Amino acid sequence: MEIFNTLESEVRSYSRAFPVVFERAVGSRLYEESGREHIDFFSGAGTVNYGHNNPVFKELLIDYLRSDGITHSLDMATTAKRDFLIRFERVILAPRGLRYKVQFTGPTGTNAVEAALKLARKVTGRSNVLYFHNAYHGLTLGALAVTGNASKRKGAGVPLLHTMPVPFEGDLGERDTIEHLRTLLENPSSGVDRPAAVIVETVQAEGGVRAASLAWLQRLADLLREHGILLIADDIQVGCGRTGTFFSFEDAAIVPDIVCLSKSISGFGLPMAILLIRPELDVWSPGEHNGTFRGNNLAFVTAAAALDYWEDGSFTTEILRKADLTRDRLTKLTARHPHLCGPLRGRGLIQGLHLKPEGLAEQVARAAFRKPSARRTRSSSSCRRSSSKTRRSRRVSTSWKKRWSRCWLERRCPSSVAPRLLPNRQAVEHLAIEPPPGQEAVHRRDEAGVVGGGAASAETAL
Ligand SMILES: Cc1ncc(COP(=O)(O)O)c(C=O)c1O
C-alpha cells in the first residue's frame, strides 16, 4: 500500500478500509494481487449488480472494440446509444407503462442529481428543494446541499443553500412524518418556502440501509402531487434490480417525475448516468446541461446487454429468492445476538444489520476482512503452476465451500454458546458474516452502525 499512501491524495477512503491491492474480479469474487479471494458484499456500492466482468457483456465489449466502435462521442448520435435507447424503451419503460425521456448526464451519480435539481428548479421557477435526514445524493455542491452527512457537507467550504432537510420515515418515532411534511407545506407560517421538489431514496443506502415502507412512499407521492411539487427518485444505488424490481419504486406503484439512475445502469461498472424525465417536464434548452463524457459508448453497449436480464420476470424471482435466503440467515443471527444486533434493515438484496453497541459495526467489518490465516485460494501464477500443494489447498477450499453453503452463518454461531456470555471479541467474530478460510468478505459499514448492505451481486455468493 506504500505507493498509494505516498502518491495518492489523502482523500482516498475505501483503500483505507480495505488496505490491500486488488488485481482482478469475477462474478461476486474479488482477488488481491497475492491471489487471496474475497466475496464482494460491497458490489461497488451497487455498481456491479450483474457481477464483476460478466462474461456475456465482456465479450460484447471486446467485439465492439475490435470493430472500431465509437468510444467517445459527446452527445452525438451513435449506433450504441440508439441500441440502448431502443432496448430501454422496449424492455424497461413500455412494459411498465412508463413514459420518460432519457437524458444522458455526465457519467456520475452526482451529476445526474445536479441535472435533476436544475431541471426541477427550471420547471417550477422555485429554488427550494426538500431532502430527508440521512440522505446521500452525491458530493458536488448541488447534490451535497441535499445530502445529510455533516462531515461531507463541511467539505463544501461554502454555505449549502436553497434546500431543507425533513424527517424520513421513522425519524420522529411514533409521529407520522408524512403528516409532519404536510404541516410544513400547508401551514403558511411554517417558514418553509414552497419547494420545487422533494428528492428521495426509497432505501437510504449510504444513510444506514433504511428502507421506506411502500405505503409511506405512496403517501409521499400523493402529498406532493396534491401540492404541485415534483418528486425526484434517486435510484442511483438501489435501482437496476438491487431491491428485486428494476426500479426500486415499482412495488409502491408510484411514478416519480424525475428518476436518477447510475451505478449499475451500465451493467459492467463503466461510468454512465441517466435522468428519466416525464416528457412534459423536458424543458431544457439544447446544451443547458452539457458535459464531455455523456457519450460513453462502451457503457451503452453493456447497458443495452444488461437489459436482457429484464426480458421476463425470472431475474426478479431469483433476486427475491436470494433476498429471502439472506434475510433468513440474518434473522437467525439476530435471534442469537438480540442484545447486539437488530433490527434488520433494507429491501431485496440491499440488507443491513443494525449493530447496537457503539463501534461494533466497524469491528465486525474489520473482522470479516481480517488478515488471512495464511491460506490463499489461488493466485494467477500458482493456479497455472498447479503444484501438488496448491491442488491440496484447492481441495480443502472446495470442501470448505460445500460446508459453507450448508452452514454459512450458523457455523459461526454454534447454538450451544450463549451469546450473552460471549466476550466482545468472540461476539464480533460471530457477527462477522464471514466466508470460509482463504476468502475474506468486503462489507459496507457506515456511521449509522450498520454492517452488511451492498449484499451480493446477481451472480451471488450466497
Ligand atoms: C443514492 C445515491 N445518489 C447519488 C450518489 C452519487 O453517485 P456518484 O458517487 O457516482 O457521484 C450515490 C453514491 O453512492 C448514491 O448512493
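Which residue in strand 7 is the bridge partner of Val129? The bridge partner is Ala197. This pairing belongs to a predicted model, and the report below proceeds from the whole chain to the central sheet, its helices, one loop residue and the salt bridges.

## Overall composition

The protein contains 16 helices and 17 strands. Of its 462 residues, 52% are buried. Among contacts with a separation of 6 or more, 73% involve residues 24 or more positions apart.

The accessible surface of the protein is about 20,800 Å². Carbon and sulfur atoms contribute 54% of that surface.

## The seven-stranded sheet

Seven strands form an open sheet in the order 4-12-11-10-7-5-6, and the pairing is mixed. The edges are occupied by strand 4 and strand 6 (163-166); each has a single partner strand, so one side of each lacks a neighbour in the sheet. From one strand to the next, the twist averages 20°.

At one edge, strand 4 and strand 12 run antiparallel and are joined by 4 bridges. Within this pair, Phe104 stands opposite Ile274 in strand 12.

Strand 7 takes part in two parallel pairings. With strand 5 it forms 2 bridges in the parallel sense, and with strand 10 it forms 4 bridges, also in the parallel sense. Ile199 has Ile232 as its bridge partner in strand 10. The side chains of strand 7 alternate in direction: Ala197 and Ile199 point one way, Val198 and Val200 point the other way, and all are buried.

## Helices packed on the sheet

Helix 6 (residues 109-124) packs on the sheet and touches strand 4, strand 5 (129-132), strand 6, strand 7 (197-200), strand 10 (230-234), strand 11 and strand 12. The direction of helix 6 makes about 175° with that of strand 10. Helix 10 lies across strand 5, strand 7 and strand 10, and runs at about 145° to strand 10.

## Helix 5 and its surroundings

Helix 5 (residues 79-93) has 15 residues, which at 1.5 Å a residue should span 21 Å; the end C-alpha atoms are 20 Å apart, in agreement with that expectation. Its buried residues are Ala80, Lys81, Phe84, Arg87, Phe88, Val91, Ile92 and Leu93.

These buried residues pack against both helices and strands. The helices are helix 4 (55-66) and helix 11 (297-306). The strands are strand 4 (101-104), strand 11 (258-261) and strand 12 (274-277).

## Lys263 in the loop between strands 11 and 12

Where is Lys263 placed? Lys263 lies in the loop between strand 11 and strand 12. Its relative accessibility is 22%, so Lys263 counts as partly exposed.

Lys263 and Ala273 are 10 residues apart in sequence, and their C-alpha atoms are 7.3 Å apart in space. Leaving aside residues up to four places away in sequence, Lys263 touches Gly44, Ala45, Gly46, Thr47, Ile236, Gln237 and Met272.

## Salt bridges

The model has a count of 25 salt bridges. One of them joins the side chains of Arg29 and Glu37, with an N to O distance of 3.2 Å. Arg29 has 18% relative accessibility and therefore counts as buried; Glu37, at 3%, also counts as buried. Another salt bridge joins Arg36 and Glu32 at 2.5 Å, N to O. Here Arg36 is buried with a relative accessible area of 4%, and Glu32 is buried with 8%.

Are the partners of the salt bridge between Asp222 and Arg225, at 3.5 Å from N to O, buried or exposed? Asp222 is partly exposed, with a relative accessible area of 40%, whereas Arg225 is exposed, at 62%. The two residues are 3 residues apart in helix 10 (residues 214-226), so about one helical turn separates them. Salt bridges also form a network that links Asp176, Glu179, Arg182, Glu186, Arg219 and Glu226.

Terms used: Residues numbered from 1 in each chain as written. Predicted model: local features only at pLDDT ≥ 70, side-chain atom pairs only at ≥ 80, totals over all residues. Heavy atoms only, no water. Salt bridge = Lys/Arg side-chain N within 4 Å of Asp/Glu carboxyl O. Buried < 20%, exposed > 50% of the residue type's maximum accessible area, 1.4 Å probe, protein only. Contact = heavy atoms within 4.5 Å. Areas by Shrake-Rupley, 256 points an atom, 1.4 Å probe, with all protein chains shown as cover. Expected span 1.5 Å × (residues − 1). Pairing = 2+ DSSP bridges. Axes fitted to C-alpha atoms, helices over the stretch in contact; angles between N-to-C directions.
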